[in-house]
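Consider the fold below, its overall dimensions and the way its interior is packed.

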Amino acid sequence: MKDLLFRWLKIYEEEARLFIWSAFLLFFINVSQSLLNNYAETAFLKRFGVEYLPFMTAINAIVTFILLGVFGGKLTRFRSDRVVTGSLVVSAGLIGVMRFIVPFELSLIYPILYLLKTQFVVLMAFVFWNLANDLFSTRQSKRLFPLITTGGILGAILGSFATPLLISFTQADNLLLIVPSLIILGAFCSLKLTKAFPGTLLREEPTTAEKKSTMLDELRKVGPMIKTSTLAQVLLVLTLVPNIVIPIINYQFNFVVDQTFATEKGMISFFSYFRGAQNTISLIISLFVGRIYGRFGLPVALMFHPANYLIAFAAYMFQFNIFSAVYADTSVNVLRKTVNA
């Protein structure tokens, strides 16, 4: 049965262990991200205020720039599997500590928690796919990355739909203890990957004589790369333009949700079921992404995402309510996760 499944998925025996532990790793990362995102976003909107969301977006952008710059330097000096494991353990510790600070009713804890959940999502995507890039060749990635992404989407679906069930048995604040437990399971998967890691792909540990590059050193390399690489220029634009528009879409969506749901329980339940359904749609579409690329080609497929922004903003312009918000957020995030990413 296992052999039949692997043949159907086009997974070869020598790469099976790497694929399985990579998929499980992304699965646990996404389960924990979904639970944390539902809780942190609800707590911020209801206990701190939706009007502060634009400030958090700006702060998150600055922190992300610094954090990814620091980790970009780390990845040139340390094995990527160890960076993933260390990031997971530190994240689990920080989130767990938050549970014991919440009872003190410090209002600033909620912006910090919102910042932490955003950086966890960004950082883990960054270090995980860097690890996957070391694990698999370009030829393997075309076959296996969509399948690994499917495992991650399944985790996001489970985490979303499980949120209301968990808060029916315990306080919503206790999610800050459940999430670290799931993150530690992800760290265990990362350790298993270390054992299955092909020796030819491991980064060599730097010797003490090697000069350590700083974030500024890494940034200095970016300019010449952009000037000489057309691919780098295209990818820069494809990343920059959506990241200008996405905060506007997100603010509109959260503003409408905050106005629609008066209680924390109603809001976190909406987020849970809505994102669970959204990820289910993403899972279905992800099964056909390869055919979309083959039918339309990568350049045309990449245009689906920016073209949809015109429809989303038009929906808000004609009817600013929860129905427009649901369409805009669903279409934008589904296309971004499945086709554009």
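The report covers overall fold, surface and nonpolar cores.

This is a predicted model. The protein chain comes to 14 helices and 0 strands. From the N terminus on, its elements therefore read as an unbroken run of α.

Is the radius of gyration what a compact globule of 341 residues would have, or not what it would have? The two agree, because a compact globule with 341 residues would have a radius of gyration near 20 Å and the protein chain has 20 Å. Further whole-chain values follow.

| Property of the protein chain | Value |
|---|---|
| C-alpha trace span along principal axes | about 55 × 50 × 50 Å |
| Buried residues | 45% of the 341 residues |
| Exposed area | about 18300 Å² |
| Share of exposed area from carbon and sulfur atoms | 70% |
| Distance between mean positions of the 29 positive and 18 negative charges | 5 Å |

Contacts reach far along the sequence. Among contacts with a separation of 6 or more, 85% join residues 24 or more positions apart.

Now the interior. The largest nonpolar core holds 46 residues. Within this core, Leu25, Tyr39, Leu88 and Leu176 touch the most other members. At least two core residues come from each of H2 (16-47), H4 (80-101), H5 (109-135), H6 (138-169) and H7 (175-196). H2 gives the largest share, 13 residues. Apart from this core lies another, of 23 residues, including Leu45, Leu53, Tyr316 and Ala325.

Which residues does tyrosine 39 contact, leaving aside neighbours within four places in sequence? They are Arg47, Val102, Leu113, Ala172, Asp173, Leu175, Leu176 and Ile268. One of these partners, Leu176, is also among the core residues that touch the most other members.

Notes:
Residues numbered from 1 in each chain as written. Predicted model: local features only at pLDDT ≥ 70, side-chain atom pairs only at ≥ 80, totals over all residues. Heavy atoms only, no water. Core = buried A, V, L, I, M, F, W, Y, C linked by side-chain atoms within 4.5 Å. Buried < 20%, exposed > 50% of the residue type's maximum accessible area, 1.4 Å probe, protein only. Helix = DSSP H or I, 4+ residues; strand = E, 2+ residues; numbered from the N terminus. Contact = heavy atoms within 4.5 Å. Rg over C-alpha atoms; globule rule 2.2 N^0.38 Å. Areas by Shrake-Rupley, 256 points an atom, 1.4 Å probe, with all protein chains shown as cover. Lys, Arg positive; Asp, Glu negative; His and termini not counted. Charge placed at Lys NZ, Arg CZ, Asp CG, Glu CD.
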